[in-house]
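Q: I'm new to this one and would like to go through it slowly. Could you show me what we have before I start asking?

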Amino acid sequence: MAVTGIILVLFLIAHMLGNLKIFTGETSFDHYAHWLRDIGTPLLPTTWFLWIQRTVLTVAVLGHIGAATLLAMRSRAARPVRYAHRRKIHVNYAARTMRWGGVIILLFVIYHILDLTTGHLNPKGDPANPYGNVVADFAPERWYVTLFYTLALVTLGFHLRHGAFSAFRSLGQQTPKGERRARIAALVFAVALVGGYLLVPFAVITGLVS
Amino acid sequence: MNLTLRIWRQHGPEDKGRMVTYPVQDVSPDMSFLEMLDVLNERLILDGEEPVAFDHDCREGICGMCSLMINGEAHGPQRGTTACQLHMRQFSDGDTIDIEPWRARAFPVVKDLVVNRNAFDQIIAAGGYVTAPTGSAPEAHSVPVPKADADAAFESAACIGCGACVAACPNGSGMLFTAAKITQLSLLPQGQPERYTRVIGMVDAHDEAGFGGCTNIGECAAACPKGIPLNTIGRLNRDYLKATAKRAGS
Amino acid sequence: MDLYREGDPIADTRAPDGPIETRWERHRFEMKLVNPANRRKMTVIVVGTGLAGGSAAATLAEQGYQVRSYCYQDSPRRAHSIAAQGGINAAKNYRNDGDSVHRLFYDTVKGGDFRSRESNVHRLAEVSVNIIDQCVAQGVPFAREYGGLLDTRSFGGAQVQRTFYARGQTGQQLLLGAYQALERQIGLGNVEMNARHEMLELVIVDGRARGIVVRDMVTGEISTEMADAVVLATGGYGNVFYLSTNAKGCNVTASWRAHRKGAYFANPCYTQIHPTCIPVSGDHQSKLTLMSESLRNDGRVWVPKAKGDQRSPREIPEDERDYYLERIYPSFGNLVPRDIASRAAKNVCDSGRGVGPTGLGVYLDFADAINRLGRKAIEAKYGNLFEMYERITGEDPYEVPMRIYPAVHYTMGGLWVDYDLQSSIPGLFVIGEANFSDHGANRLGASALMQGLADGYFVLPNTLANYLASSGPLDKVDASHPEAVAARTDVEDRIKRLLAINGDRTVDSFHRELGQIMWEHCGMERSEAGLRKAIDEIRALREQFWQRVRVPGDGEGLNQSLEKAGRVADFFELAELMCIDALHREESCGGHFRAEHQTPDGEAQRDDDRFAYVAAWEYTGTGEPVLHKEDLTFEYVHPTQRSYK
């Protein structure tokens, strides 16, 4: 769980930093997007690295889901008879929504790929001009897309917050002081990442990027 | 005050079980929760019904025998309090109170609200001790223990083995119980020689008993009547990782 | 008298002589040993898993015996030793404050009001130091000083700081140490653990204890388990009073069944009333909660000087308060022994100056200590006790003085045993609170844990080996032996009989009523008239019980009413013996205070000429027990009138 999670988190960081290149202008952003396909050349043929990366990510996602499913099945098996009175929730919401949050994020990722990678669900869908696709996607009249992105990213934020804290714990964080630090670090990380992602759609919807 | 109780009734391990409603009248706020159940049972006996079976013994919050899920909370609404020390002043006239047994595959129901927690003993038997046969001990002062370590060890040693952590955990995990003993013994010099075999043995026994896995949610620590902190699980994880690495290396 | 007969005197024939410091050492050398290869072939039954039973079972298994352990709780970790709060005494003299084995011995004999055996007590003081070593090695997290060494405190009337502790949960930590040692042996396959099993009969073959009849409390199955020796570590009988600080399940059944089979019951009237318990709040009360005696180290006990003073305690000015313990006992003050503190509380309440809604309570006030040491220091020392008090009463003891009242806490009496902890039935050993041996007429604070672990870790494993080695190979007997079958049939018949009554009163209603009779007449103060009345009332109530009790359900499966019914039936018989013992002992000593025998200023008046003996009672089945006297001699600690003034 922690290993696959860390791979995905590293990808999320890189992806977010790349997204922010949108503020450097259309040419620069499109150039970046095309460069992604050329990483590794001339050692590797064009897009090979991209496919390697996609494979690793797919394996990580499947691994992550697989591990989560195993844990969930184990939990289910560990409590064959449910409580008649719903258990009261005492701890943070993030920890309690990992599973459903994960499913929502998965659905979002599928939509996101169809939208901005393959372009099938994008109003413009021009593979040569990712910048234009993004601008068209988050146009003010398509506010519901932005809303959906926002909700999905907030869900991701919750997922990351508990995921990051939990990774610290799984790797042996053990003192009360360390726990406070780990909780703060996880929160800051989750907020920074989600904030970084949200900058793009909000820049488009407010006209900052057009 | 007058209350409505909805209590899980189950004749035996094979019975399917069901919630049954019982009104109780004239409950004093000075009664403990278990005394309120005593009053109900006295009435049930005189009415020719079977009284509700529930585990209890010391009734002062230390033996860990009582084990009631009260309105979806292990040991009820008062933090840091076992069901036997919960008093009726925590409730109001007219309340409906749901009372269920701990729910976990590793804690099968024996009857009504009574469950079998033998799995916890098995976890301890798998390593939750220091091997120190009687008579072999050196003079007590030969090994000083820093006060901070002794205090922290005590904090974990305060576990009463009631199983509230398992009952409250969405995963049905017994990791807090396991981690409490591991933390106590791994903080003390006496616990060092068996530190890594202990953690492997206890975690394996925990998993074999059918408890769920820990996902660091923290409901266990919130439900724990003795305030065993969640970070004990971090210590368990660290010892477990080191132990696994040592085992792989050897 | 008509209530009992006097039989032949008895003596502790196993007691060694010679200089007291060398007795245990020499006795240990003189005892026989069992060859390690033969230990595997020997089975020992240990009933009870508290400090005594748990430590004994673990130690015997470590030595190589096959051990079968039984407890009524769902896990051996829950035995009531776990509730002991204050600490454990040991003559380590880490404080350099004048403590020694001899002083612990002296204090214990004197504290027991000269009704215990010197040899036993000296042995207890000797092994006390080994207990601490053993527990530390097991990882028991005792309180420590900043330098990393063990902290100690003074406790319950001792003038040296010899009490080791683990916050207010010493019993829990010591028990978990023994429990973990026991679990280790269970894991290794050396101990067969039988939780949720209740011993209901002892099996005697050819005059030797060879087995027990147990009921599996989950399935209801009755089975007979045979062994080479039987060890009872089944605790005290304080629940005969219904309200006590004992756990609800604590009972006398195992001891009583052994008594009915021939084991003498010694000094049943010696009961300890603990001075610092939370007062009764109403009729629903099911048990009493002890507040550790260590609270008396910093709390001051007082009542208003005026009768019926209804003001809140904080409104009562200093000069209208009576700090009666400090006034009557200036040199010991609030730290007088338990029996004295309890009776003093009763006296002030009887004089109409008790506090709280029932008038049965006195204040234990921490205001001075909080002013002197600061709230933080008090919190560190007593935080968990203060929280417990607040949970139960809804009052904050940092702001309002605690209200306390005495409650039954410990029973010094128990099955009679010799120096080897063997009862009057060969092969039946009795350890811990279940025996009568070391505390005399009054137990000092922090000595129960010491005795339980001394018996279990260090004494019994030696003396039991001597028995097994001396008795030679015993005939193999199994559950089909006529004696075993008879014992089992008795148990089954008794259960059938209880279930068949189907009357109109619950078990608890009888138990509660029995408790009231005992508390009234055989509690803190006893008198001839009261005891005679009590005996009549107990007999009448017992008759009612067997006609009118209603035990619902059947013998199959878990039936908590049935369990209670069997225990209460035995409490009725014990209660009568307690009253007879209290009636025959025409003196006041320790926990036994006879109204007729007090000094002009109201202190206990011993009668060493007539009563310096152990009263060992033999069961006859006729309702007329036979008294055997074991004379006590004092060579080292000469009886004096205890004075704590």
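Q: To start with, how many salt bridges are there between chain A and chain B?
A: This is a predicted model, and in it the count between chain A and chain B comes to three salt bridges. One of them joins A:Arg74 to B:Asp207, where the closest N and O atoms are 2.9 Å apart.

Q: And how many residue pairs are in polar contact between chain A and chain B?
A: The count there is 29 residue pairs, taking pairs with both residues at pLDDT 80 or more.

Q: Which elements of chain A give two or more residues to the side that touches chain B?
A: They are four helices of chain A, namely H3 (48–78), H4 (93–96), H7 (143–170) and H8 (176–205). By class, the residues on that side of chain A divide into 13 nonpolar, 10 polar and 11 charged.

Q: How many residues of each chain are in contact there, chain A with chain B?
A: On the chain A side 34 residues are in contact, and they meet 40 residues of chain B. The area buried between these two chains is about 3,100 Å², and carbon and sulfur atoms give 48% of that area.

Q: What is the secondary structure of chain A?
A: Chain A comes to eight helices and zero strands, so its pattern along the sequence reads α-α-α-α-α-α-α-α, with helices and strands taken as DSSP runs. Along its principal axes, the C-alpha trace of chain A spans about 55 × 45 × 35 Å.

Q: Which pair of chains has the most contacts?
A: Of the two pairs of chains that touch, chains B and C have the most contacts between them. In that pair, 75 residues of chain C are in contact with 76 residues of chain B, and the area buried between them is about 6,100 Å², of which carbon and sulfur atoms give 53%.

Q: Where do chain A and chain C stand, touching or apart?
A: Chain A and chain C do not touch, and their nearest C-alpha atoms lie 19 Å apart.

Q: Back to chains B and C, how many salt bridges cross that interface?
A: The rule finds four salt bridges across the interface of chain C and chain B. Among them is the one in which the side chains of B:Glu60 and C:Lys287 meet, at 2.6 Å from N to O. The rule also finds 42 residue pairs in polar contact across this interface, with both residues at pLDDT 80 or more.

Q: Which element gives the most to the side of chain C that touches chain B?
A: Several helices of chain C give two or more residues to that side, including H3 (51–63), H5 (118–137), H6 (170–187) and H11 (375–393). H6(C) gives the most, with eight residues, and the residues of the whole side divide into 26 nonpolar, 29 polar and 20 charged.

Q: New topic: what volume does the second largest pocket have?
A: Its volume is about 1,300 Å³. The pocket is lined by 46 residues, and the closest to its centre are B:Phe154, C:Arg167, C:Gln169, C:Ala380 and C:Asn384.

Q: Which elements give two or more residues to the lining of the second largest pocket?
A: They are helix H3 (147–157) of chain B, together with strand E5 (152–153) and H11 of chain C. H11(C) gives the most to this lining, with 11 residues.

Q: And how does that lining divide by class?
A: The lining of the second largest pocket has 19 nonpolar, 11 polar and 16 charged residues.

Notes. Residues are numbered from 1 along each chain as its sequence is written. Chains are lettered from A and ligands numbered from 1 in the order in which they are written. This is a predicted model: local features need pLDDT of at least 70, side-chain atom pairs count only at pLDDT 80 or more; totals for chains, interfaces and linings use all residues. Side-chain values use heavy atoms; hydrogens and water are left out. Contact means heavy atoms within 4.5 Å. Buried area is the accessible area (1.4 Å probe) that two parts lose on being put together, summed over both. A polar contact is a pair of N or O atoms within 3.5 Å; within protein, one must be able to donate a hydrogen and the other to accept it, and residues adjacent in sequence count only if both atoms are side-chain atoms. Ala, Val, Leu, Ile, Met, Phe, Trp, Tyr, Cys and Pro count as nonpolar, Asp, Glu, Lys and Arg as charged, and the others, Gly among them, as polar. On a 1 Å grid over the protein atoms alone, a cavity is a set of points where a 1.4 Å probe fits but cannot get out, and a pocket is an open set with protein on both sides within 12 Å along at least five of seven lines; lining residues have an atom within 4 Å of a point. Grid points are joined across faces, edges and corners, and a volume is the space filled by probe spheres set on the points.
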